[in-house]
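These are my notebook entries on one protein model. I set down what I looked up, in the order in which I looked.

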Amino acid sequence: MKKILIFGCGEISDAISEIIMFEKAFEIEGYVLNQKYISDKFFKTKKIYPIEEIEFFFSPNDITFLTAVSYKNLNSNRENIYKNIKTKGYKFENFISKSARLVNSKIGENNIILENNNIQNNVEIGNNNIFWSGNHVGHDTKIGNNNFISTNVTISGAVNIGNNNFFGVSTTIRDNIEVGHSCVLGAGSIILRNIQDNSVTSPKTTEISIISSDKLKKI
């Protein structure tokens with residue numbers, strides 16, 4: 001089984017690590033953080049290593065990386081970590097869940113695709129993206145780098161997506177749409193026209209009734 005290092009010791013890393021171990025996809029050799037953020041020796045029973053000294057512990061010829069970091073600052077934190085590790089000469093893995101379905105797609109490196117993602121034919125995916133569980137990506141769609149696609153997102157066919165975007169839960173994008181860079185599409189967004197760089201969509205939240213639940217007629 002191939003050995004990897006995972007950058008990150010937060011909730012994202014915890015969840016992804018559990019799936020990797022459940023599916024026996026890789027052997028996790030340890031975790032990596034910036035030295036200033038290390039407050040413990042271990043994470044999930046594995047040793048934590050400082051990225052500043054990682055070359056003293058592991059050669060780029062012997063280990064590969066996966067970055068399990070959140071979408072904070074529109075994924076720029078994860079992007080900078082990815083680029084920093086790359087300058088050190090390390091290579092990256094993709095983690096694709098066994099229950100994900102990819103048909104004749106092109107995919108870069110350091111992508112995480114969790115369970116029940118359905119990615120149709122001729123989809124192109126760049127580097128350093130995270131697809132949480134249960135998404136649909138339609139045929140001939142192109143997705144750039146450093147995006148975070150949450151859960152139950154529907155991306156129709158022939159959509160072009162830029163870099164460093166965040167897609168909230170249950171976002172729906174019509175076919176032949178272009179989404180620029182650094183956009184935040186809030187949960188439940190329905191995208192029917194092109195989205196320019198740095199756009200934010202925020203659908204209205206469900207109204208809370210003035211009637212409390214204990215006043216409802218019992219069924």
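Entry 1. The parallel sheet

I began with strands β15 (residues 142-143) and β18 (residues 160-161), which pair in the parallel sense over two bridges. Within this pairing I found I143 opposite I161 of β18. I should record here that the model is a predicted one.

I then traced the sheet to which these strands belong. It is an open sheet of five strands in the order β9-β12-β15-β18-β21, with parallel pairing. I noted β9 (106-107) and β21 (178-179) as its edge strands, each of which pairs on one side only.

Entry 2. The mixed sheet

I turned next to an open sheet of six strands, whose order I read as β3-β4-β2-β1-β5-β6 and whose pairing is mixed. Which strands stand at its edges? They are β3 and β6 (91-92); each has a single partner strand, so one side of each is left without a neighbour in the sheet.

I looked at the β3 edge in detail. Strand β4 (residues 46-50) is joined to β3 by two bridges, and the two strands run antiparallel. I located F42 opposite K47, the latter in β4.

I then asked which strands α1 touches as it packs on the sheet. The helix is in contact with β1 (3-7), β2 (27-33), β3 and β5 (64-67). I recorded an angle of about 170° between the direction of α1 and that of β2.

For helix α3, I noted that it lies across β1, β5 and β6. It runs at about 170° to β5.

Entry 3. Two helix residues

I picked one residue from each of these two helices. S17 has its place in helix α1. Is S17 buried or exposed? I entered it as buried, because its relative accessibility is 0%. Setting aside residues up to four places away in sequence, I listed its contacts as I6, I28, Y31 and K44.

E79 is in helix α3. Its relative accessible area is 15%, and buried means under 20%, so I entered E79 as buried. With residues up to four places away in sequence again left out, E79 touches N128, N146 and N164. I also checked E79 against N147: the two are 68 residues apart in sequence, and their C-alpha atoms are 9.5 Å apart in space.

Entry 4. The largest pocket

I looked up the volume of the largest pocket and wrote down about 550 Å³. Its lining comprises 27 residues, and those nearest the centre are F7, L33, Y37, V69 and I81. I then asked which elements give two or more residues to this lining. They are α1 (11-23), β3 (42-43) and α3 (76-87). Of these contributions, that of α3 is the most, at five residues.

I sorted the lining by residue class. I counted 14 nonpolar residues, nine polar and four charged.

Entry 5. Positive phi values

I searched the backbone for positive phi in residues other than glycine, and I kept two entries.

D140 has a phi near 65° and is not a glycine. I placed it in the loop between β14 (136-137) and β15. Its relative accessibility is 36%, so I entered D140 as partly exposed.

N152, likewise a residue other than glycine, has a positive phi near 60°. I found it in the loop between β16 (148-149) and β17 (154-155). I entered N152 as partly exposed too, because its relative accessibility is 42%.

Entry 6. The whole protein

I closed with the overall figures. I recorded three helices and 24 strands in the protein. Taken along the principal axes, the C-alpha atoms fill a box of roughly 60 × 45 × 30 Å. The protein has 219 residues, and 44% of them count as buried. Lastly, I took the contacts between residues at least 6 apart in sequence and found that 29% of them join residues at least 24 apart.

How values were computed: Residues numbered from 1 in each chain as written. Predicted model: local features only at pLDDT ≥ 70, side-chain atom pairs only at ≥ 80, totals over all residues. Heavy atoms only, no water. 1 Å grid on protein atoms, 1.4 Å probe; cavity = no way out; pocket = protein on both sides within 12 Å on 5 of 7 lines; lining within 4 Å. Points joined across faces, edges and corners; volume = space filled by probe spheres on them. Helix = DSSP H or I, 4+ residues; strand = E, 2+ residues; numbered from the N terminus. Nonpolar A, V, L, I, M, F, W, Y, C, P; charged D, E, K, R; others polar. Pairing = 2+ DSSP bridges. Contact = heavy atoms within 4.5 Å. Axes fitted to C-alpha atoms, helices over the stretch in contact; angles between N-to-C directions. Buried < 20%, exposed > 50% of the residue type's maximum accessible area, 1.4 Å probe, protein only.
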